Amino acid sequence: MLLAYLRQHAEELLARDPGVRLDAPDAVHQLRVSARRMRSALASFRKFVDADAANRLRDELQWLAGTVGGARDVEVMRARLADLAGSQPAALLLGPVLARIEGESDFRYRQAHDAGLVALDSERYLRLLDSLDAFLDAPPLTDRGRKTARKAVARRLARDVRRLQDAVRVAEDLDGAEASDVAALEAALHEVRKSAKRLRYAGEAAEPVLGKRASRLAASAERIQDTLGELQDTVVSRAHLLELAASAQAGGESAFSFGRLHALEEQRAAEARARFRRDWAKFLDAHA
């Protein structure tokens, strides 16, 4: 199960490599998702394989996803802010708002994409591919990994459910505190998102063994991941809007419109936090 999942996404990663080099649409995103899925599966099912070998692969996959994926982050943020600004009445866009968003995004994208290409041309990347091949050709399975899979896989999946529940409890404690620190709450919810993503990928990997039970867990976790992904996008966009406002002001332009967009993103964040509470209630009802 684990090895089949890893092999599938190792092949997907290699298939996306040429597209990333050619700057093809969605190629960076798909390569990064493949790396993240493998890294997450190695974490969820690490008891099945040699810990040192799995940890080395996880570290290198994290490096690859972070370095190559930077261009995707810029791309997503550019589209988000351009759409938000474009939806506003022209009278409320004071100064070259769209031009500044596009100009700064283009600069950041070129930097990030160039860094990704350097990573793909590096010896480190080639060593990662060799390590993946070696891991799959001669899997360093533990005794537990050689036994009947069903019960062991179910236990690992249950562990990821508990991990998610623990992360939610931390966020709920912050959300319930008087004079709640919104930044701390959003940081805690980002940890919830990461736990949900791990559970989603573990559920996907476990589907051949656990069937519908695993697929339902994966779907519920994906819903939480998507909602909190929207929240995290607002965190990043708000920080970027503050930078754009400062740049506009330093250039003698009005910062009003960037402040307005920031307020709209604050509203989106509040809506995402409320939507997460509903998603979590549904998760508990479905998987209690």
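**Exercise 1. How do the residues lining the largest pocket divide into nonpolar, polar and charged?**

The model is predicted: local features need pLDDT of at least 70, side-chain atom pairs count only at pLDDT 80 or more, and totals for chains, interfaces and linings use all residues. Residues are numbered from 1 along each chain as its sequence is written, and side-chain values use heavy atoms, with hydrogens and water left out.

*Step 1.* Define the pocket. On a 1 Å grid over the protein atoms alone, a pocket is an open set of points where a 1.4 Å probe fits, with protein on both sides within 12 Å along at least five of seven lines. Lining residues have an atom within 4 Å of a point.

*Step 2.* Sort the lining. Ala, Val, Leu, Ile, Met, Phe, Trp, Tyr, Cys and Pro count as nonpolar, Asp, Glu, Lys and Arg as charged, and the others, Gly among them, as polar. The result is eight nonpolar, 13 polar and 21 charged residues.

*Step 3.* Locate the centre. Of the 42 lining residues, Arg-32, Arg-36, Asp-73, Arg-193 and Lys-197 lie nearest to it.

*Step 4.* Assign the elements. Helices are DSSP runs (H or I, at least four residues), numbered from the N terminus. Those giving two or more residues to this lining include H2 (27–44), H3 (51–68), H4 (70–86) and H5 (97–120). H9 provides the largest share, 11 residues.

*Step 5.* Add the volume, which is the space filled by probe spheres set on the points, with grid points joined across faces, edges and corners. The largest pocket comes to about 1200 Å³.

**Exercise 2. Which residues touch the most other members of the largest nonpolar core?**

*Step 1.* Set the terms. A nonpolar core is a set of buried Ala, Val, Leu, Ile, Met, Phe, Trp, Tyr and Cys residues joined through side-chain atoms within 4.5 Å. Buried means under 20% relative accessible area, exposed over 50%, partly exposed in between (1.4 Å probe, protein chains only).

*Step 2.* Pick out the hubs. Among the 64 core residues, they are Leu-64 and Val-192. Helix H8 (residues 182–210) gives this core its largest share, 11 residues.

*Step 3.* Trace Val-192. Contact means heavy atoms within 4.5 Å. Beyond four places in sequence, the partners of Val-192 include Leu-164, Val-168, Ile-224 and Phe-276.

*Step 4.* Check for another core. A second, separate one has 12 residues, including Met-77, Leu-84, Ala-85 and Phe-258.

**Exercise 3. Is Glu-186 buried or partly exposed?**

*Step 1.* Place the residue. Glu-186 is in helix H8.

*Step 2.* Apply the cut-off. Glu-186 counts as buried because its relative accessibility is 7%.

*Step 3.* Find its polar partner. A polar contact is a pair of N or O atoms within 3.5 Å; within protein, one must be able to donate a hydrogen and the other to accept it, and residues adjacent in sequence count only if both atoms are side-chain atoms. The side chains of Glu-186 and Arg-273 make one at 2.9 Å.

*Step 4.* List further contacts. Leu-231, Val-235, Arg-238 and Ala-269 are among them.

*Step 5.* Compare Ser-195, also in H8. Ser-195 is buried, at 5%.

**Exercise 4. Where is Asp-23, and what is its phi?**

*Step 1.* Asp-23 sits in the loop between helix H1 (2–21) and H2.

*Step 2.* Its phi is near 60°, a positive value in a residue other than glycine. Most residues other than glycine have a negative phi.

*Step 3.* Asp-26 is in the loop between H1 and H2. Asp-26 has a positive phi of about 70°.

*Step 4.* Asp-23 is partly exposed, at 37%. Asp-26 is partly exposed, at 33%.
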